[in-house]
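Here is a short tour to read alongside the viewer. Keep the sequence at hand as you go.

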Amino acid sequence: MKILAYGIREDEKPFVKEWEQENPEVDVEITDQLLDDETVAMAKGFDGVVVYQQKPYTDTVFEKLDSYGIHNVSLRNVGVDNMNPATVKKYGFKVTNVPVYSPAAIAEFSVTQLMNLLRRTKEYFHKFERGDFRWAPQISQELNQQTVGVIGTGHIGRVAIDIYKGFGAKVIAYDVYHNPELEKEGLYVDTLDELYAKATVVTLHIPLFPSTEHMLNKEAFDKMRDGVFIVNASRGPLIDEQALIDALDSGKVAGAALDVLEDETKVFNHNMVGKNMTYPEFWNLNSRENVLISPHTAFYTNIAVQNMVKFSLSANKDLIETGTSDKLVKFD
Ligand code: COI
């Protein structure tokens with residue numbers, strides 16, 4: 001059995017090696033190249049491919065894989081928003097993802113960034129660098145005083161809720177699917193409008209679908225409390241960036257922590273030093289003392305990367321051996 005793993009970074013290599021030692025019957029080859037129209041030819045002769053990338057998987061990639069007789073594709077991440085479900089289904093691909101590699105990695109990061117917003121760390125840091133060690137006027141807020149509105153109560157949202165409860169914050173939650181435990185605790189509100197009306201913090205932990213794109217838009221911000229904090233470590237297009245900029249200008253939004261951006265794929269995880277970066281919304285947001293931008297790093301921990309590599313290789317092996325996997329993505 002032969003698996004080709006695309007886009008393997010240096011930090012992933014030790015985990016690929018470990019997995020190979022645990023699965024000596026599988027021949028794994030790696031490349032640092034991403035899977036695209038040019039590199040797809042490298043997959044000829046393999047039984048399956050393991051991939052991770054933020055740029056789109058084109059229809060041509062699927063057509064070519066199909067022509068090589070390869071139908072087993074395993075993603076090392078959770079989001080499947082960069083592939084076309086119609087194409088996947090048309091050619092009969094089996095796609096797996098890693099739905100749970102470390103919910104704590106992302107939940108902990110989003111809480112950390114909220115704490116940084118509340119304690120105005122970026123402002124203090126800049127003052128400190130200038131040699132200004134005064135306290136005022138950066139008086140801060142406490143997490144235990146917040147009503148945190150968690151949108152999305154899947155694996156990540158649930159870990160975030162536990163952490164927020166541990167800090168003594170009041171938590172309310174919204175999801176179309178109700179988790180029975182949280183239901184018992186009475187955490188759910190019935191509508192997003194209710195969450196917007198009550199929350200002093202809105203944190204997103206949902207996937208990107210056509211139905212969730214720009215869910216935080218002008219109308220949503222208008223319904224929120226004045227001085228609300230926004231946290232997004234899910235997907236950039238969940239927020240209409242121009243609407244966020246307007247809401248920051250008006251003071252409706254007191255601060256935002258963004259680990260993801262609408263148009264991030266061309267810049268995040270690239271070395272942009274000395275390069276011209278045309279992204280007006282990024283520059284606008286990043287220039288603000290009350291906006292924290294990080295380059296999609298919430299997931300990036302040793303545990304998460306290990307699990308992404310090993311779980312995806314195992315899922316690909318399962319697909320090749322048995323035709324299915326417990327990580328099979330259902331595209332309907
Ligand atoms: C995902 O797992 O879908 C993520 O967003 C993390 C990715 C940047 C590796």
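## Backbone exceptions and the packing around one helix

Asn269 has 13 other C-beta atoms within 10 Å and therefore counts as partly exposed. Please keep in mind that this is a predicted model. Asn269 sits in the loop between β10 (253-258) and α11 (280-286), and its phi is positive, about 65°, although it is not a glycine.

Arg120 is another non-glycine residue with a positive phi, here about 55°. You will find Arg120 in the loop between α4 and α5. It is partly exposed because it has 18 C-beta neighbours inside 10 Å. A glycine joins the list too: Gly168, just after α6, takes a positive phi of about 85°. The table puts these phi values side by side.

| Residue | Phi |
|---|---|
| Arg120 | about 55° |
| Gly168 | about 85° |
| Asn269 | about 65° |

One more backbone feature is worth a look: the peptide bond from Ala136 to Pro137 is cis, and its omega is near 0°. Pro137 belongs to the loop between α5 (121-129) and β6.

Now to helix α6. How far apart are the end C-alpha atoms of α6? They are 17 Å apart, which agrees with the 16 Å that 12 residues (155-166) should span at 1.5 Å a residue. The buried residues of this helix are Ile156, Gly157, Val159, Ala160, Ile161 and Tyr164. In an α-helix there are 3.6 residues a turn, so residues three or four places apart point the same way. What covers the buried residues of α6? The cover includes α4 (103-118), along with the strands β6 (147-151), β7 (170-174) and β8 (201-204).

Helix α4 also holds Ala105, a residue that is buried because 22 other C-beta atoms lie within 10 Å, where 20 or more are needed. Ala105 and Val159 are 54 residues apart in sequence, while their C-alpha atoms are 9.5 Å apart in space. Beyond its neighbours within four places in sequence, Ala105 is in contact with Ala298, Phe299, Thr301, Ile303 and Ala304.

Phe299 turns up again beside the ligand, where the surrounding residues are Asn77, Val78, Gly79, His296 and Phe299. Are these residues charged, polar or nonpolar? The shell divides into two nonpolar, three polar and no charged residues.

Stepping back to the whole chain, there are 12 helices and 11 strands. The C-alpha atoms fill a box of roughly 65 × 50 × 35 Å along the principal axes. The radius of gyration is 21 Å, which agrees with the value near 20 Å for a compact globule of 332 residues. Of those 332 residues, 38% count as buried. Among contacts between residues at least 6 apart in sequence, 72% join residues at least 24 apart.

Finally, the record. An unreviewed UniProt entry annotates residues 8-329 as "domain: D-isomer specific 2-hydroxyacid dehydrogenase catalytic". Over that range the chain is 37% helix and 13% strand, and the end C-alpha atoms are 22 Å apart. UniProt (unreviewed entry) also lists residues 112-298 as "domain: D-isomer specific 2-hydroxyacid dehydrogenase NAD-binding". Over residues 112-298 the chain is 34% helix and 15% strand, with end C-alpha atoms 10 Å apart.

Methods: Residues are numbered from 1 along each chain as its sequence is written. This is a predicted model: local features need pLDDT of at least 70, side-chain atom pairs count only at pLDDT 80 or more; totals for chains, interfaces and linings use all residues. Helices (H or I, at least four residues) and strands (E, at least two) are DSSP runs, numbered from the N terminus. The expected span of a helix is 1.5 Å times one less than its number of residues. A residue is buried if 20 or more other C-beta atoms lie within 10 Å of its own, exposed if 12 or fewer, and partly exposed in between; C-beta atoms are placed from the backbone. Two residues are in contact if their C-beta atoms, placed from the backbone, lie within 7 Å. A residue is near a molecule or strand if its C-beta atom, placed from the backbone, lies within 6 Å of it. Ala, Val, Leu, Ile, Met, Phe, Trp, Tyr, Cys and Pro count as nonpolar, Asp, Glu, Lys and Arg as charged, and the others, Gly among them, as polar. UniProt positions are given in the numbering used here, feature names are shortened, and annotations may be inferred rather than shown by experiment. The radius of gyration is taken over C-alpha atoms; the globule rule is 2.2 Å times the number of residues to the power 0.38.
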